[in-house]
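Visitor: Please take me closely through one part of this structure, the loops and the side chains that meet there. I am in my first year, so kindly explain each term as it arises.

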Amino acid sequence: MAFTLSWLDQSRTLPDQHERHSVDGPHAHDSRFATTLRARRANSHMKIAGMASNRGRNLMNIADRTPGGAEFSVVLSNDPTAPVLEKAADRNIPAVAVERLDDESRREHEQRVLDALDDFEFDLVCLDGYMRILSDTFLDAAPTTLNVHPSLLPSFPGMDAWGDALDAGVDVTGCTVHVVTDATDENGDPVHEQVDGGPVVTQEPIPVFEGDTTGDLKDRILYQGEFKAYPRAVKWFAEDRVAVDYEENTVSVAGDTGGDLPGRLLQSEDRAADLRYGENPHQDAAVYADNTTEEASVVHADQLNEGAKALSYNNYNDADGALNLIKEFDDPAAAVIKHTNPAGCATADTLAEAYADALSTDAKSAFGGIVALNRECDEETATQIIDSFKEVVVAPGYTDDALETLFEKENLRVLDVSDQYEVSETHTEKKLVGGRLVQERDTQSLTADDLEVVTEREPSDEQIESMLFAWQTIKHVKSNAIVFADGTETVGVGAGQVSRVDAVEIAGMKAEKDAEGKSPEGAVMASDAFFPFPDGIEKAAEAGIEAVIQPGGSKNDDMVIEAADEHDMAMVMTGQRAFRHD
């Protein structure tokens with residue numbers, strides 16, 4: 001027969017089903033395979049034989065996705081009317097039907113199945129609703145055989161896993177991809193307690209909701225569970241990452257070792273609240289909570305004025321950005337955020353001074369913004385906050401007088417967060433259509449020793465302090481980003497531009513037109529990425545900037561440094577950038 005083995009050293013022997021092996025069948029040493037051991041090789045794609053009794057939707061999903069390059073060489077059914085045969089033919093996959101005869105035993109039928117597959121080469125067998133329990137007649141002759149079962153085995157084996165899960169009242173069920181092992185006795189009759197008992201390759205949890213019907217749950221497990229788990233398992237086999245230990249009834253997958261960026265990303269969060277709407281009124285929205293989070297979080301914040309309207313989607317997003325910004329600083333700090341960008345940020349000796357300095361950067365843009373503080377809010381600060389319209393204030397506590405003052409504004413949402421600013425959420429993520437991006441959180445915090453002076457002019461100690469403040473702030477400004485700062489307060493912010501020189505011009509314009517009692521003259525400039533051309537430095541010089549902090553790394557660094565020297569600017573390079581694209 002033309003079954004072939006898959007990606008491993010064919011010189012080793014596999015004495016019996018209890019030896020550890022990769023994608024090969026447990027009796028792959030059988031001589032009937034000897035002529036095919038080296039016939040196909042390293043650069044060929046894994047071939048699959050699919051077997052189903054009905055629609056075979058998992059098989060067609062795998063065929064369409066070709067995980068790891070795996071391809072079907074044949075699809076077989078024990079029902080000549082099974083829709084899977086037509087679906088396979090539509091995809092130019094050979095389709096075969098082998099119906100069990102009335103007087104035919106299980107083993108006799110399996111032998112005819114093997115004979116029908118004789119002309120096809122394959123390395124893996126994938127079952128999908130194949131309504132026959134397979135015996136050793138098939139399993140000993142075939143390569144590794146996989147099946148997908150609609151529950152988290154060993155829970156709810158058998159024919160009605162969906163109904164069993166609903167009857168048990170569980171909150172979570174799912175699916176399991178497992179290796180098929182012999183569950184028959186010496187006569188070929190099923191041993192029911194051994195069915196669905198083979199080594200587990202992978203599982204996918206699926207929630208069970210109040211009011212679910214069997215049909216609801218069946219569809220959710222198929223589309224959200226099986227359509228993820230089965231291609232994942234096939235991909236692992238195609239990449240030669242799987243080892244099956246039949247004696248221990250376990251499967252190990254190379255590289256699936258967890259860590260900060262695991263091979264599989266599974267998460268479960270509970271809906272904390274329905275929101276009035278999303279970013280726009282025509283969009284439904286909700287907020288979900290991770291109840292294991294230790295770090296100060298707006299999701300877990302108490303809203304102290306319960307009579308005020310609830311937070312919106314945009315409120316949560318902006319408040320999170322504001323809180324993350326003020327976590328950067330040890331000194332009393334305040335930030336005003338608008339559309340996830342800082343309208344102003346400052347540190348000072350007192351919280352009230354920090355807020356006044358932050359607000360005066362761009363009081364016009366701060367209208368309707370979010371205020372975040374890194375100290376208990378006192379009455380003096382609260383009085384300044386309510387002097388103009390704000391949506392939300394976030395702080396780690398409030399004095400009684402401050403609360404009385406803030407509550408004068410009926411719809412100013414007052415959020416009380418913890419003072420736990422040490423990073424516990426080490427990674428951030430962004431949901432994409434069809435997946436998600438996950439990255440380490442940007443926790444960089446530079447010191448003077450990290451800065452390389454590249455100009456003839458050396459920065460003063462005061463300028464270095466201001467540049468470091470601007471650098472910690474610019475991490476929270478949408479790229480392309482420019483921040484002008486004087487001391488430890490912002491003077492002008494240019495955010496979210498597609499051209500860096502435009503960001504410089506906007507920061508200068510905001511500093512000249514909208515900053516109150518501030519000037520870019522003599523200030524420092526931070527850039528979240530290198531300057532590709534000297535034009536940004538030219539514009540900064542026109543605004544009066546005297547010192548620059550930037551990553552460096554452009555092929556035009558020499559030209560940029562030369563421009564800074566021509567304008568008697570000090571410039572330092574960090575060697576690392578601070579993009580924020582979300």
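Guide: Helices (H or I, at least four residues) and strands (E, at least two) are DSSP runs, numbered from the N terminus. Residues are numbered from 1 along each chain as its sequence is written, and side-chain values use heavy atoms, with hydrogens and water left out. The model is predicted, so local features need pLDDT of at least 70 and side-chain atom pairs count only at pLDDT 80 or more, while totals for chains, interfaces and linings use all residues.

Let us begin with Asn-92, found in the loop between helix H2 (83-90) and strand S4 (95-97). Although Asn-92 is not a glycine, its phi is positive, at about 65 degrees. With a relative accessibility of 73%, Asn-92 is exposed; that word means over 50% relative accessible area, whereas buried means under 20% and partly exposed lies in between (1.4 Å probe, protein chains only). Thr-66, likewise not a glycine, has a positive phi of about 40 degrees. Thr-66 occupies the loop between helix H1 (57-65) and strand S3 (71-77) and is partly exposed, at 34%.

Strand S3 brings us to charged side chains. A salt bridge is a side-chain nitrogen of Lys or Arg within 4 Å of a carboxyl oxygen of Asp or Glu, and the structure holds 22 of them. In one of these, Lys-47 meets Glu-71 at 2.8 Å, N to O. Lys-47 belongs to strand S2 (residues 47-52) and Glu-71 to strand S3, so that distant parts of the chain, 24 residues apart, are linked. Both partners are partly exposed: Lys-47 at 22% and Glu-71 at 33%.

Glu-295 deserves particular attention. It forms a salt bridge with Lys-327 (2.9 Å, N to O). Because Lys-327 lies in the loop between helix H7 (313-326) and strand S14 (333-338), and Glu-295 in the loop between strand S12 (286-289) and strand S13 (302-303), this pair ties together parts 32 residues apart in sequence. Lys-327 is buried, at 13% relative accessibility, and Glu-295 is also buried, at 5%. Arg-441 meets Glu-295 in a salt bridge as well (2.6 Å, N to O). Here Arg-441 sits in the loop between strand S20 (435-440) and strand S21 (452-453), 146 residues from Glu-295.

Two loops also contain a cis peptide bond. One runs from Leu-153 to Pro-154, with omega near 15 degrees, and Pro-154 is in the loop between strand S6 (145-149) and helix H5 (161-168). The other runs from Ser-479 to Asn-480, with omega near -5 degrees; Asn-480 is in the loop between helix H12 (461-474) and strand S22 (482-486).
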